[in-house]
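The turns below go through the terms used for a model and ask what each one rests on.

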Amino acid sequence: MDFKKEIRLAFSENKFAVCISIAILVLSLILGFYLESYLHPYMNPIVEALTKRIEDGTIQLTFQSIFSNNIRVVLMSFFFGALFCFSALILALNGFFTGYVVATKGNLVQTLILIIPHGIFEFPSCILACASGFVLFTFLKRFVKTVINDKKGSFSDRLYASYVANFDKLKQALILLMISVILMVVAGIIEVYITMPLADYIMGMIS
């Protein structure tokens, strides 16, 4: 299999899913930022509880913990794609939360410095995870439709024929998921080992 060709096809044939995912993330980030005062009663208890768990050591900000949490979100976005809207909901909630947290911080520049280094990998990963969920839904929809419309052969034969006929769409969903996981691994490494030292260096330079 020509992986470069398959990757190009996965993106070119699913541009709409990727663009919709980008729009969902950008819009939710903006809304989370500008609606901070309205979201405060709902979001602040979550942020405070999370902060307390980090401070008392309940949550360890290690590569393993960050990676496992982020991969869980990626896989949820993919598998919940079978229910279509849930991939979008997971991405939107992450966007709302990030936008809200940025808005609550007094120093916007410092906050962005703490987000951007790993965010340039994490945000695309979340976008592709959501898109892969959409593509998975498309595969399932086409699979069921083909089975229903095909009146020839036994039910098992129709299932297999439908799987073969629509396999490319499933393959594209898995390719987008694979790229999302790779990006999330890179994001986790940067967040644990690079973001804080880089932020401290930059803030020291500009302060």
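Q: Why is V26 called partly exposed?
A: The model is a predicted one. V26 has a relative accessible area of 42%. Buried means under 20% and exposed means over 50%, with partly exposed in between. The value of 42% lies between these two limits, so V26 is partly exposed. V26 is placed in helix α2.

Q: What makes I22, V26, I30, F33, Y34, L108, L112, I116 and I120 a nonpolar patch?
A: A residue enters a patch with over 30% relative accessible area and no salt bridge, and nonpolar side chains are joined within 5 Å. V26, at 42%, is over that 30% limit. Together the residues of this surface patch have about 810 Å² of accessible area. Two or more residues come from each of α2 (15–34) and α6 (108–149). Helix α2 gives the most, with five residues.

Q: Why are α6 and α7 called roughly antiparallel?
A: Two packed helices are described by the angle between their axes and the distance between the axes. For α6 and helix α7 (residues 155–206), the angle is about 175 degrees and the axes are 7 Å apart. Angles over 145 degrees count as roughly antiparallel. About 175 degrees is over that limit, and therefore α6 and α7 are roughly antiparallel to each other. By class, their contact has 35 nonpolar, eleven polar and five charged residues.

Q: How many helices and strands does the protein chain have?
A: The chain has seven helices and zero strands. Along the sequence this gives the pattern α-α-α-α-α-α-α. The C-alpha trace spans about 70 × 40 × 30 Å along its principal axes. Of the 207 residues, 36% are buried.

Q: What makes the contact of K171 and E6 a salt bridge?
A: Side chains of opposite charge can pair when their charged atoms come close. The limit is 4 Å, from a side-chain nitrogen of Lys or Arg to a carboxyl oxygen of Asp or Glu. K171 and E6 are 3.3 Å apart, N to O, so the pair is within the limit and counts as a salt bridge. The pair links distant parts of the chain, with K171 in helix α7 and E6 in helix α1 (residues 3–12), 165 residues apart. Both K171 and E6 are buried.

Q: How do you know that D168 also forms a salt bridge with K171?
A: The closest N and O atoms of D168 and K171 are 3.4 Å apart, and this is within the 4 Å limit. Both residues lie in helix α7, three residues apart, about one turn of the helix. The structure holds two salt bridges.

Q: Why is K171 counted as buried and D168 as partly exposed?
A: K171 has 15% relative accessibility, which is under 20%, so K171 counts as buried. D168 has 47%, which lies between 20% and 50%, so D168 counts as partly exposed. Salt bridges that share partners join E6, D168 and K171 into one network.

Q: Is C85 buried, partly exposed or exposed, and where is C85 found?
A: C85 has a relative accessible area of 43%, between the limits of 20% and 50%, so C85 is partly exposed. C85 is found in helix α5 (residues 85–104). In sequence C85 and F134 are 49 residues apart, and in space 8.3 Å, C-alpha to C-alpha.

Terms used
Residues are numbered from 1 along each chain as its sequence is written. This is a predicted model: local features need pLDDT of at least 70, side-chain atom pairs count only at pLDDT 80 or more; totals for chains, interfaces and linings use all residues. Side-chain values use heavy atoms; hydrogens and water are left out. Patches are made of residues with over 30% relative accessible area and no salt bridge: like charges are joined within 9 Å, nonpolar side chains (Val, Leu, Ile, Met, Phe, Trp, Tyr) within 5 Å. Accessible areas come from the Shrake-Rupley method with a 1.4 Å probe; for residues, only the protein chains shown count as cover. Helices (H or I, at least four residues) and strands (E, at least two) are DSSP runs, numbered from the N terminus. Buried means under 20% relative accessible area, exposed over 50%, partly exposed in between (1.4 Å probe, protein chains only). Axes are lines fitted to C-alpha atoms, for helices over the stretch in contact, and angles run from 0 to 180 degrees between N-to-C directions. Angles under 35 degrees count as roughly parallel, over 145 as roughly antiparallel, 65 to 115 as roughly perpendicular and the rest as oblique. Ala, Val, Leu, Ile, Met, Phe, Trp, Tyr, Cys and Pro count as nonpolar, Asp, Glu, Lys and Arg as charged, and the others, Gly among them, as polar.
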